[in-house]
Amino acid sequence: MTRLLQIEGSHRLEGEVRTAGSKNAALPIMVASLLTRDACHLSNVPVLADVDNALAILADLGVRVERGEGDLVLQAASDLASEVPQDRARKMRASLLFMGPLLARTGRAVVPKPGGDDIGMRRVDQHVYGLLQLGARVEEDHSSFVCSVEHLHGAEINLDMPTVTGTENIMMAACLADGRTTILNAAREPHVADLAMALKSMGARITGAGTDRVEIEGVASLSGTEHRVTPDYLEAGTYALAAAAAGGDVYITDAPVGDLRALILK
């Protein structure tokens, strides 16, 4: 189906718009619910197809899912499956985020090679490299990554590029590994820091999130949490740029001002 957006210019923008929760923060935090048997209560979760798909994967793995208006309750209390369904994984690139948490929780993860958008090179080798450093075994066939481990251990992991989902995957797995893990050249995006904040509220010991050096001291177990997903700085910035380009007065509520410094002129 062809979809068309038609925009007629030369009109001032006026009014108020609320910034939604960040999809890039919500997805890894949802997947992090696999790391505990306790309930995780999440709010400000955006209503998007990728969120729907991630919830379906979690349910297929054995997670109890309750959904309200922008709110989620996720509880992985029962024994979990370790294989992510291929049909669902192929719909989004973020399905790779299941590798680390499933390994940490079950000792095994079978994750299909991801689908999703096609916007240029997005390497997955740093995910594999990081998990190998933590003690995992990773085999690759034509359709999937098959990962297994007896126990994860801390390591120093120097990424050759600051991959966001790679940093998140390693960080989640390292939370339940033995000893200290240091991620060098880590991604610094706000959604990485928000995932770290959620994990810390679950009992993880993480320092440096939001910088290029993240340190994780593994713990024996994590608890549940209540966490509000950070607003989407990309969405807020888009509204701000549109208002600046078209003129007018636009009030952007729930904007993460601290993440928009590059757009703010003083």
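**Notebook: two sheets and a helix**

**Entry 1: the four-stranded sheet.** I began with an open sheet of four strands, which run in the order β3-β4-β2-β12 with mixed pairing. I noted to myself that I am looking at a predicted model. Next I looked up the edges and found β3 (64-67) and β12 (225-228) there. Each has a single partner strand, so one side of each is left without a neighbour in the sheet. I also checked the twist, and it averages 15° from one strand to the next.

**Entry 2: a pair inside this sheet.** How do β2 and β12 run, and how many bridges join them? I found that strand β2 (residues 39-43) and β12 run parallel, joined by four bridges. To get my bearings I picked out one residue, His-41, and saw that Glu-226 in β12 is what it stands opposite.

**Entry 3: a helix on this sheet.** I then looked for a helix and met α2 (residues 49-61), which packs on the sheet. Helix α2 touches β3 and β4 (72-75), and its direction makes about 145° with that of β3.

**Entry 4: the three-stranded sheet.** My next stop was an open sheet of three strands, in the order β5-β7-β6, where the pairing is antiparallel. The edge strands here are β5 (108-112) and β6 (137-140), and each pairs on one side only. I wrote down the twist for this sheet too: an average of 15° from one strand to the next.

**Entry 5: β5 and its partner.** I followed β5 to strand β7 (residues 144-148) and counted five bridges in their antiparallel pairing. Here I found Ala-109 standing opposite Cys-147 in β7.

**Entry 6: helix α4.** Which strands does α4 touch? Helix α4 (residues 99-106) packs on the sheet and touches β5 and β7, with its direction at about 155° to that of β5. I then asked myself why α4 counts as largely enclosed by the rest of the structure. The reason is that six of its eight residues are buried. I listed these buried residues of α4: Met-99, Gly-100, Pro-101, Leu-102, Leu-103 and Arg-105.

**Entry 7: what covers α4, and what follows.** I looked up the cover over those buried residues, and it includes the helices α1 (23-31), α2, α5 (125-133) and α6 (164-174). The strands β5 and β7 are part of that cover as well. Last, I stepped just past the end of α4 and came to Gly-107, whose phi is positive, near 80°.

Methods:
Residues are numbered from 1 along each chain as its sequence is written. This is a predicted model: local features need pLDDT of at least 70, side-chain atom pairs count only at pLDDT 80 or more; totals for chains, interfaces and linings use all residues. Side-chain values use heavy atoms; hydrogens and water are left out. Two strands pair if DSSP finds at least two bridges between them. Axes are lines fitted to C-alpha atoms, for helices over the stretch in contact, and angles run from 0 to 180 degrees between N-to-C directions. Contact means heavy atoms within 4.5 Å. Buried means under 20% relative accessible area, exposed over 50%, partly exposed in between (1.4 Å probe, protein chains only).
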